[in-house]
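Student: I would like a close look at one helix in this model. Please explain how it sits against the rest of the protein, and then work outward from there.

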Amino acid sequence: MRHGRKSRSTTIKGFKRFIAKELDHQLILGVTVQPANQPERDADVPLRKQVQRHGDVEALYIDRGFLASAWTVEAHAAGKRVICRPWTPRNRGLFTKREFAIDLAAQTVTCPAGTKRDIKGRTVRFPGSVCAACPQRALCTRAKPGRGRTISIHPSEALMQQLTVAKTTPEGRAELRMRVPVEHSLAHICNRQGRRARYVGIEHNVFDLCRYAFIENCFAADRFERAA
Ligand code: SF4
């Protein structure tokens with residue numbers, strides 16, 4: 001049995017199920033199942049293939065697990081809208097990444113004390129000698145003496161900054177809520193299908209998930225027809 005993690009305390013054993021739903025008509029266009037220990041972003045490959053059979057996608061409303069997926073990165077680079085909750089920086093009572101000014105145009109990061117470093121790669125290191133003399137060190141890092149603070153730069157850092165700003169606006173939060181029907185569909189499927197995989201192996205479980213997605217689509221078509 002393989003298990004993955006949703007958070008530190010919540011594990012998922014066996015398989016994870018994924019759906020891709022279009023939000024205008026509330027229809028599920030793609031499903032897939034993958035081992036729980038595989039990164040969620042990998043599910044974008046089969047989902048993308050199934051969704052794009054129905055046409056081009058104008059905007060992606062995604063779970064944070066898909067932020068690093070190739071589909072998301074390409075959609076953002078192509079100027080399409082990506083709507084997602086940004087990762088919350090955690091640093092146990094210390095300055096978080098948000099307290100650092102990240103200037104992607106100039107490729108620099110400036111810390112709260114005003115020290116500027118160039119972005120060269122995925123990690124920006126503030127020198128231990130500079131941090132040792134900094135009056136704010138106790139608020140910034142618990143690194144061993146002689147070492148300084150580090151800041152990670154996400155491969156889609158520009159998108160991360162955009163999402164962080166969007167979450168602070170009423171319009172941005174309203175857009176985030178538009179993804180709620182996807183969670184409803186997952187909950188309906190879970191209620192009907194149950195929490196345990198019925199079959200051994202990916203292929204059979206994908207087929208099983210297709211059946212439940214079809215039922216969900218029948219209900220959506222019925223709601224759509226009644227509302228027309
Ligand atoms: S400890 Fe280092 S990174 Fe943190 S504020 Fe001071 S100089 Fe900047």
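Tutor: The helix to start with is α5, where E157, L159, M160 and L163 are buried. The model is a predicted one, and every value below is computed from it. Seen down the axis of α5, the buried residues fall within an arc of 155°, so they line one face of the helix. The reason such a face can form is general: an α-helix has 3.6 residues a turn, so residues three or four places apart point the same way.

What do the buried residues of α5 pack against? Their partners are α2, β6 (81-83), β7 (101-103) and β11 (150-152). That is one helix and three strands, as named in the list.

The next step is the interior. In soluble globular proteins, nonpolar side chains tend to be buried together. Here the largest nonpolar core has 17 residues, and the members that touch the most other members are L47, L60, I62, F66, L67 and W71. Two or more residues of this core come from each of β3 (15-22), α1 (44-51), α2 and α5 (157-166). The largest share, 3 residues, is that of α5. The helix we began with is therefore the main contributor to this core, by the count of 3 residues. L47 shows how the core connects to other parts of the chain. Leaving aside neighbours within four places in sequence, L47 is in contact with F18, I19, A20, G30, V31, T32, F66 and W71. A second, separate core of 14 residues includes I19, V31, I189 and Y212. Two of the contacts of L47, I19 and V31, are thus members of that second core.

Now take helix α1, which holds R48. Not counting residues up to four places away in sequence, R48 touches A70, W71 and E74. R48 and V31 are 17 residues apart in sequence, and their C-alpha atoms are 9.7 Å apart in space.

Just before α2 comes a loop residue worth a look. S69 sits in the loop between β5 (59-61) and α2 (70-77). Is S69 buried or exposed? Its relative accessibility is 2%, so S69 counts as buried. Beyond residues up to four places away in sequence, S69 touches R41 and D44.

Strand β3 gives residues to the largest core, and F15 is found in this strand. F15 counts as partly exposed because its relative accessibility is 28%, and buried means under 20%. Which residues does F15 contact, leaving aside neighbours within four places in sequence? They are V33, Q34, P35, A36, A197, Y199, G201, I202 and N205. F15 and V33 are 18 residues apart in sequence but 6.5 Å apart in space, C-alpha to C-alpha.

After β3 the chain passes through a loop to β4 (27-35), and Q26 is found in that loop. Q26 has a positive phi of about 60° although it is not a glycine. With a relative accessible area of 24%, Q26 is partly exposed. Q107, found in the loop between β7 and β8 (108-110), also has a positive phi of about 60° and is not a glycine. At 36% relative accessibility, Q107 counts as partly exposed.

The ligand is another place to look. Its surroundings are C111, P112, A113, T115, F126, C131, C134, R137, C140 and R149. Sorted by class, this shell has 7 nonpolar, 1 polar and 2 charged residues. One of the residues around the ligand, A113, can be set against I12, which lies in strand β2 (residues 11-13). The C-alpha atoms of I12 and A113 are separated by 42 Å, and the two residues are 101 apart along the chain. I12 counts as partly exposed, at 23% relative accessibility.

Last, the whole protein. Its secondary structure comes to 8 helices and 11 strands, and its C-alpha atoms fill a box of roughly 65 × 40 × 25 Å along the principal axes. Of the 228 residues, 36% are buried. Among contacts between residues at least 6 apart in sequence, 48% join residues at least 24 apart. The accessible surface comes to about 14,500 Å², and 53% of this belongs to carbon and sulfur atoms.

Definitions and conventions: Residues numbered from 1 in each chain as written. Predicted model: local features only at pLDDT ≥ 70, side-chain atom pairs only at ≥ 80, totals over all residues. Heavy atoms only, no water. Near = heavy atom within 4 Å. Nonpolar A, V, L, I, M, F, W, Y, C, P; charged D, E, K, R; others polar. Helix = DSSP H or I, 4+ residues; strand = E, 2+ residues; numbered from the N terminus. Buried < 20%, exposed > 50% of the residue type's maximum accessible area, 1.4 Å probe, protein only. Contact = heavy atoms within 4.5 Å. Core = buried A, V, L, I, M, F, W, Y, C linked by side-chain atoms within 4.5 Å. Arc of directions from axis to C-beta. Areas by Shrake-Rupley, 256 points an atom, 1.4 Å probe, with all protein chains shown as cover.
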